[in-house]
Amino acid sequence: MSTMQTRHLGSLEVSPLGLGCMGMSEFYGSGDEAESIATIHRALELGCNFLDTADMYGPFTNEILVGKAIAGRRDEVVLATKFGNERRLDGSWVGINGRPEYVRAACDASLSRLETDHIDLYYQHRVDTTVPIEDTVGAMAELVQAGKVRHLGLSEAGADTIRRASAVYPISALQTEYSLFSRDVEAEILPTVRELGVGFVAYSPLGRGILTGSIRTAADLPENDSRSARFPRFADENLEQNVQLVRVVEQLASTKGCTPGQLALAWVLARGQDIVPIPGTKRRRYLEENLGALDVELTPEDIAWLDERVGQPAGDRYADMRTVNR
């Protein structure tokens, strides 16, 4: 693996590939705390210092796990977490909450669970359309002034929302889904964040696992995995079509001597130095495979070949797209 370089999200310096920690606690089958913590430790050993969590993952238990993993190593980590998708302890959903008083309370709760005195990058996880974005970001800015947060971010925010938010306080990063299978941000979102000097964090850069080539049918998903229910691209009527698109990725990967997942990550990395993918995993072997994408070199011809042959996948990104602010 080549020497780990860095990328910038606004003024925040991070490793070029981050680690999404969500699946260690929920949604993608059962977790293994010991292996998850070992995976975070291995990431830090390899120079992957950008860890992504959220209060809703678990709910709440993912932040506790990450806090446990980075105990005594806080200075090695660029720590990102999120608020706004409000859930109860029993896992039930309350809704999207961007009220200033909630912002303050959620931050204090996250700091406690993470066992730290500051969060490096604090995102609004989803935009609350019932609260002016200026009010939400104003409360987030107060957290920076109080020393509890270093940088601010938004997730799945539309162009106008990003502009309004940036007028209140500098936004370091926008986190939105981006992969060979999810390219809608290219039309308006990416040009907007680049104009404003906002970095872009690409979540689900492996299409929630489809682009690894390891998922051919719903039966390939682990027990207790919610992808078939939550994401239409995993529904039986869509998955078969989407697997055919993955075969295109596999074809080029075979000529590059890499896995299809590495090729898919290399494609995202090649879209710009201001883009940082955060593939999620809960196992060291997949972490190491993902980081191998940093050694995959794609030529302009390779990218053009993929752009021509990997079309729009079947099915929406979410069963309910209403929380995606456009």
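These legends accompany close-up views of a predicted model.

**View 1. Helix α9, a mostly covered helix.** Let's start with the helix that spans residues 260–269. How many of its residues are buried? The count is 10 of 10. Reading along α9, you meet P260, G261, Q262, L263 and A264, followed by L265, A266, W267, V268 and L269, and each of these is buried.

**View 2. The surroundings of α9.** What covers the buried residues of this helix? Among the strands, the cover includes β1 (7–9), β11 (199–203) and β12 (275–277). Helices take part as well, including α8 (236–256), α10 (284–291) and α11 (300–309).

**View 3. The largest nonpolar core.** In soluble globular proteins, nonpolar side chains tend to be buried together. Here, the largest nonpolar core holds 105 residues. Which members touch the most others? They are I40, F50 and F200. Helix α8 gives the most to this core, contributing eight residues.

**View 4. F50 and its contacts.** Now look at F50, one of the core members named above. Leaving aside residues up to four places away in sequence, F50 touches L9, V14, S15, G18 and L19. Its other contacts are V78, A80, L121, Y123, V201, V276 and I278.

**View 5. The largest cavity.** The model has one cavity of 30 Å³ or more, and the space inside the largest cavity is about 60 Å³. Which residues line it? You can find E177, F181, S182, G207 and R208 there, along with I210, F231, R233, F234 and R317. Sorted by class, this lining has four charged, four nonpolar and two polar residues.

Terms used
Residues numbered from 1 in each chain as written. Predicted model: local features only at pLDDT ≥ 70, side-chain atom pairs only at ≥ 80, totals over all residues. Heavy atoms only, no water. Buried < 20%, exposed > 50% of the residue type's maximum accessible area, 1.4 Å probe, protein only. Helix = DSSP H or I, 4+ residues; strand = E, 2+ residues; numbered from the N terminus. Contact = heavy atoms within 4.5 Å. 1 Å grid on protein atoms, 1.4 Å probe; cavity = no way out; pocket = protein on both sides within 12 Å on 5 of 7 lines; lining within 4 Å. Points joined across faces, edges and corners; volume = space filled by probe spheres on them. Nonpolar A, V, L, I, M, F, W, Y, C, P; charged D, E, K, R; others polar. Core = buried A, V, L, I, M, F, W, Y, C linked by side-chain atoms within 4.5 Å.
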